[in-house]
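Reader: Could you walk me through this model? I'd like to start with the overall picture and then get into the packing.

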Amino acid sequence: MRVLPQATSPGVTSKRDAPSLEATKGVGRFGFHFMEMCAVMCLGGGLLVAAFFWVAAVVGMPDLRQQHPELAAFAIACILAGAMAAWMRFRGMGWRPTLEMAGSSVVSGLVLVLAYWQGIISARALLPAVCTLACVAMLAVMLLRIPLYASSHGSHRTGGG
């Protein structure tokens, strides 16, 4: 006996034809996580970077950006990493993904400092490039762990792990 496919009413699609609601939610959650991390780095990190340069000026290095751009760039990368790590831990993320994400900013800073020393990037472009490359590197790390970043924040609760 052969079973024929069931006919559907006009305007009704089968589960096969409709995009998965869960997959759509996952894409949205991934995008939200990315935008959230960019906001933390740009806003929170930006405030901390401003405070860092203010303290540098107070202790006698008012032109740190011009005199030592590689030090300034690496400091910015570390500050962005710290802001990101603090937020990720606050949101319940485990240590491994937190350190991977923070490491992406630090590595971005190191790569740019090396590019500056090799004459590949100018001092003027160095500091803005840190923020840009940190976001790109963060996205690359997130793409390596799509299931983690496409899930809800509630699933990140690790009990301190």
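Author: A term first: a residue is called buried under 20% relative accessible area, exposed over 50%, and partly exposed in between, using a 1.4 Å probe and protein chains only. Of the 161 residues of the chain, 35% count as buried.

Reader: And where do these coordinates and numbers come from?

Author: This is a predicted model, in which local features need pLDDT of at least 70 and side-chain atom pairs count only at pLDDT 80 or more, while totals for chains, interfaces and linings use all residues. Residues are numbered from 1 along each chain as its sequence is written, and side-chain values use heavy atoms, with hydrogens and water left out.

Reader: How many helices and strands does the chain have?

Author: There are 6 helices and 0 strands, taking helices as DSSP runs of H or I with at least four residues and strands as runs of E with at least two, numbered from the N terminus. Read from the N terminus on, the order of elements is α-α-α-α-α-α.

Reader: What share of the contacts comes from residues 24 or more positions apart?

Author: Such pairs account for 75% of the contacts in the chain with a separation of 6 or more, where contact means heavy atoms within 4.5 Å.

Reader: How much area does the chain expose, and what do carbon and sulfur supply?

Author: The chain exposes about 10100 Å², of which carbon and sulfur atoms supply 69%; the areas come from the Shrake-Rupley method with a 1.4 Å probe, and for residues only the protein chains shown count as cover.

Reader: On to the packing, then. Which residues touch the most other members of the largest nonpolar core?

Author: M101 and M138 do, in a core of 34 residues; a nonpolar core here is a set of buried Ala, Val, Leu, Ile, Met, Phe, Trp, Tyr and Cys residues joined through side-chain atoms within 4.5 Å. The elements that give two or more residues to this core are α1 (21-58), α3 (69-90), α4 (95-117) and α5 (123-144), and α5 provides the largest share, 9 residues.

Reader: What is M101 in contact with, beyond its neighbours within four places?

Author: Leaving those neighbours aside, M101 is in contact with M84, M88, M138, V141, M142 and Y149.

Reader: Back to α5. Which of its residues are buried?

Author: In α5 the buried residues are L126, L127, A129, V130, A134, C135, A137, M138, V141 and M142. One of these, A129, is the centre of a kink of about 40°, the bend at a residue being the angle between axes fitted to the seven residues ending there and the seven starting there.

Reader: How does the span of α5 compare with what it should be?

Author: The expected span of a helix is 1.5 Å times one less than its number of residues, so the 22 residues of α5 should span 32 Å, and the 31 Å between its end C-alpha atoms agrees with that. For α4, with 23 residues, the end-to-end reach is 32 Å, close to the 33 Å expected.

Reader: Where does T98 sit, and is it buried or exposed?

Author: T98 lies in helix α4 and is buried, with a relative accessible area of 0%. Outside its neighbours within four places in sequence, T98 is in contact with A85, M88, R89 and M93.

Reader: And L80?

Author: L80 belongs to helix α3 and counts as buried at 2% relative accessibility. Its contacts, again leaving aside neighbours within four places in sequence, are M41, G45, S105, V130, C131 and A134. From L80 to C131 the C-alpha distance is 8.1 Å, although the two are 51 residues apart in sequence.

Reader: Changing topic to the cysteines: how many disulfides are there?

Author: The count comes to 0 disulfides, a disulfide being a pair of cysteine sulfur atoms within 2.5 Å.

Reader: Why does C38 not form one?

Author: The closest cysteine sulfur to that of C38 is in C135, and at 3.6 Å it is too far for a bond. C38, which is found in helix α1, is buried at 12% relative accessibility, and outside its neighbours within four places in sequence it is in contact with C135 and M138.

Reader: What about C42?

Author: The sulfur of C42 also has C135 as its closest cysteine partner, but at 5.0 Å that sulfur is too far for a bond.
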